[in-house]
Amino acid sequence: MFVRDVTVENQVGLHARPATFFIQKANEFKSSIWVEKEERRVNAKSLLGVLSLGIMGGTEIRIIADGTDEEEAVNGLVALVRSGFNA
């Protein structure tokens, strides 16, 4: 299992378009991937799950992956978040 925390810096947070980019990126990997905000954890490959967290700009999230490409998956998603979702 590989885990990293990252702060969502873009203004709108992880909604609609950025969430779609996030999920598309998550689906590039074989590992199981989750996103955590406070005590809630959802499947990072589920649009409804990610949107249900209501992640706003300035929110810290935790990205967790477990599988053969877990480190690559987490690092790729952290990079996407840090880029402001410029896919």
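**Group meeting: strands, a helix and one ring**

Let me start with a pairing: V3 has I64 as its bridge partner in β4. That comes from a predicted model, so please keep that in mind throughout.

V3 sits in a longer pairing, too. β1 and β4 run antiparallel to each other and are joined over six bridges. On β4 there's another antiparallel pairing, this one with β2, and it has five bridges. If you want a residue to click on there, take I33, which stands opposite A65 in β4.

Okay, zooming out. The chain has three helices and four strands, and reading along the sequence you get β-α-β-β-α-β-α. The radius of gyration is 11 Å, close to the 12 Å that the globule rule gives for 87 residues, so the chain is as compact as a globular protein of that length. If you prefer a box, the C-alpha atoms fill one of roughly 35 × 25 × 20 Å along the principal axes. Of the 87 residues, 43% are buried. And take the contacts between residues at least 6 apart in sequence: 69% of those join residues at least 24 apart.

Now to the helix I'd like you to look at, α3. It runs over residues 70–82, so to speak 13 residues, and from first C-alpha to last it reaches 18 Å, close to the 18 Å expected at 1.5 Å a residue. Which residues of α3 are buried? They are E70, A73, V74, G76, L77, V78, L80 and V81. Yes, E70 is on that list. And what covers them? The cover includes strands β1 (2–7), β2 (32–37) and β4 (60–66), along with helix α1 (16–26). So β4, the strand we began with, turns up here again.

After α3 comes G84, and its phi is positive, near 80°. Here's a little pairing for your viewer: G84 and A16 are 68 residues apart in sequence, but 13 Å apart in space, C-alpha to C-alpha. A16 belongs to helix α1. Is A16 buried or exposed? Exposed, because its relative accessible area is 52%, and the cut-off for that label is over 50%.

Last stop, the aromatics. How many aromatic pairs does a search of the whole structure find? Zero. There is something over a ring, though: R41 lies over the face of W34, at 5.7 Å from the ring centre.

That's my tour, thanks for listening.

Technical notes: Residues numbered from 1 in each chain as written. Predicted model: local features only at pLDDT ≥ 70, side-chain atom pairs only at ≥ 80, totals over all residues. Heavy atoms only, no water. Phe/Tyr/Trp six-rings, centres within 6.5 Å; stacked < 30°, edge-to-face > 60°. Lys NZ or Arg CZ within 6 Å of the ring centre and 35° of its normal. Helix = DSSP H or I, 4+ residues; strand = E, 2+ residues; numbered from the N terminus. Expected span 1.5 Å × (residues − 1). Buried < 20%, exposed > 50% of the residue type's maximum accessible area, 1.4 Å probe, protein only. Contact = heavy atoms within 4.5 Å. Pairing = 2+ DSSP bridges. Rg over C-alpha atoms; globule rule 2.2 N^0.38 Å.
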